[in-house]
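Visitor: Please take me through this model and tell me how each label is justified.

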Amino acid sequence: MKGFYVAPYLSILIFIVIGIGLVLFTFFLARLIRPSHPYPAKTINYECAELPIGDSWIQFNPRFYIFALIFVIFDVEAVFLFPWAVAFGQLGLYALIEMVIFILILFYGLYYAWKQGVLKWV
Amino acid sequence: MILISSVKVIVVVVAVLTGCAWSTWLERKVVGHMQHRMGPTFAGPYGLLQPIADFIKLIFKEDIVPSGVERVAYGLAPVLSFIPAMLVFAVVPFAADATLFGHEIKMVISDLNIGILFVFAVTSLGVYGLVMAGWSSGSKYSLLGSLRASAQMISYEVSYGLSIVGIVLIANTLSLRELVEMQGSDSIWFFSNWFVFKQPLGFLLYLTCAIAETNRLPFDMPEAESELVAGYHTEYSSMRFATFFVSEYANMLAVSAVGATLFFGGWQGPYLPSIVWFILKVFCFMFFYIWLRGTFPRFRYDQLMSFGWKVLFPLALLNVIVTAAFVMLD
């Protein structure tokens, strides 16, 4: 199996299968021995012992969305940094200067978002 | 090969689950003593059988599924948060290679050449479980908790990933096995090659982000019980709740194991067997987690977000550039 590219991932597949199997087995076991007496009052959603008011899919702060956008930008940056870091020993000074410029450009993006007040949670 | 892998997987899964179970005991005991209480005492000596009692109680509980849930997502969510937490242990080397009946057995389930990348890819999948749980529960608390969880986890994800770029710069490899071997030393100062001394800032960043990633105090906004009841798992009961609970502890163990491997030499250490060193280092991390819980109050949400983006993220970038410059000069 040596030199076979997929071989290490086979063990991970085994891991996933056993993991899922274990969870499903416990759920199955629990289903066999637990009681089940649902009635309407019991299956109401929890809301401090009151009847729930309105829909549960409430409006929420759009800032969550903006943070997701910023995250995507900088996570892609991190993806670019990893291969660069692995090969850094062979790349030399030129690669360092290039990456500093890349990081500075993205850092300016963060500075811009900061000044726009996007990072401030009201 | 498949047989050996399967045996290793089962041993590791059982070990991690046992670790999770008795981490709950450790947490209750340590926090109890920090607050001048005794913690669990009744089940067994020093309450050591408490996790078993908890398990038996939870498995006999009725599984109450509220009427407003989205069935498929509601059922999938616990599994989706449990599997990524466990999967980290597939690539963490937990002892030195051993020889058994003439066979050399690697003490790691899968020796990936992109080990670190795998760890970070898998841990970031954990957020899906929380989001699905909150979205499908049909409860306002759950929805708010899962929104907070996702925003918090993605905010700290970036710095979390960047915090270990420094190590990759020094070591020029992503393989966890090679990283551990690099940190070994035969001299009396056996810890002299640990990356924590070469990357102190990177370690602090890793530690802080790891706590936020696992939703532990002082960053436990997603399940802040005094404001959101229990956050994303408010509507879960019985074994489904137990799965969320276990996956939280599995996550803690995972970031502890990865932290010990990356910064404290993994299983490297003198005199004692390598597996003992590994467990000892993971235990120290776990104790630190619990200590934090016993000491710090919860952050405010805006403080948490601005801390992540305005302090940790610039520091992580700075750490990368400074490390690169130092490696260049060497």
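Guide: What follows sets computed values against their definitions.
Guide: This is a predicted model, in which local features need pLDDT of at least 70, side-chain atom pairs count only at pLDDT 80 or more, and totals for chains, interfaces and linings use all residues. Residues are numbered from 1 along each chain as its sequence is written, while chains are lettered from A and ligands numbered from 1 in the order in which they are written.

Visitor: What makes chain A more spread out than a compact globule?
Guide: Chain A holds four helices and zero strands, in the order α-α-α-α from the N terminus; helices here are DSSP runs of H or I with at least four residues, strands are E runs of at least two, and both are numbered from the N terminus. The radius of gyration of chain A, taken over C-alpha atoms, is 26 Å. The globule rule, 2.2 Å times the number of residues to the power 0.38, gives 14 Å for 122 residues, and 26 Å is well over that, so chain A is more spread out than a compact globule. Its C-alpha atoms fill a box of roughly 70 × 55 × 15 Å along the principal axes.

Visitor: How do you know what span to expect of helix α1 of chain A?
Guide: The expected span is 1.5 Å times one less than the number of residues. For the 27 residues of α1(A), residues 7-33, that is 39 Å, and the helix reaches 40 Å from its first C-alpha to its last, close to expectation.

Visitor: Why is B:Val12 called buried?
Guide: A residue is buried if 20 or more other C-beta atoms, placed from the backbone, lie within 10 Å of its own, exposed if 12 or fewer, and partly exposed in between. B:Val12, in helix α1 of chain B, has 20 C-beta neighbours inside 10 Å and therefore counts as buried. Not counting residues up to four places away in sequence, B:Val12 touches B:Phe89 and B:Ile109; contact requires C-beta atoms within 7 Å.

Visitor: Buried or exposed, how do B:Ser238 and B:Asn172 come out?
Guide: B:Ser238, in helix α11 of chain B, is buried because 21 other C-beta atoms lie within 10 Å. B:Asn172, in the loop between α6 and α7 of chain B, has 15 and is therefore partly exposed. Neither is a glycine, yet phi is positive in each: near 55° for B:Ser238 and about 55° for B:Asn172.

Visitor: Which residues of α1(A) are buried, and what covers them?
Guide: The buried residues are A:Pro8, A:Ser11, A:Phe15, A:Gly19 and A:Val23. Their cover includes α1, α3 and α11 of chain B. Over chain A, 11% of the 122 residues count as buried.

Visitor: How many residues of chain B are in contact with chain A?
Guide: 64 residues of chain B contact 55 of chain A. On the chain B side, α13(B) gives the most, with 13 residues. That side divides into 40 nonpolar, 15 polar and nine charged residues, where Ala, Val, Leu, Ile, Met, Phe, Trp, Tyr, Cys and Pro count as nonpolar, Asp, Glu, Lys and Arg as charged, and the others, Gly among them, as polar.

Visitor: What makes a set of residues a nonpolar core?
Guide: The members are buried Ala, Val, Leu, Ile, Met, Phe, Trp, Tyr and Cys residues joined through C-beta atoms within 7 Å. The largest such core has 111 residues, and those touching the most other members include B:Met86, B:Phe89 and B:Ala250. Its largest share, 14 residues, comes from α11(B).

How values were computed: Two residues are in contact if their C-beta atoms, placed from the backbone, lie within 7 Å.
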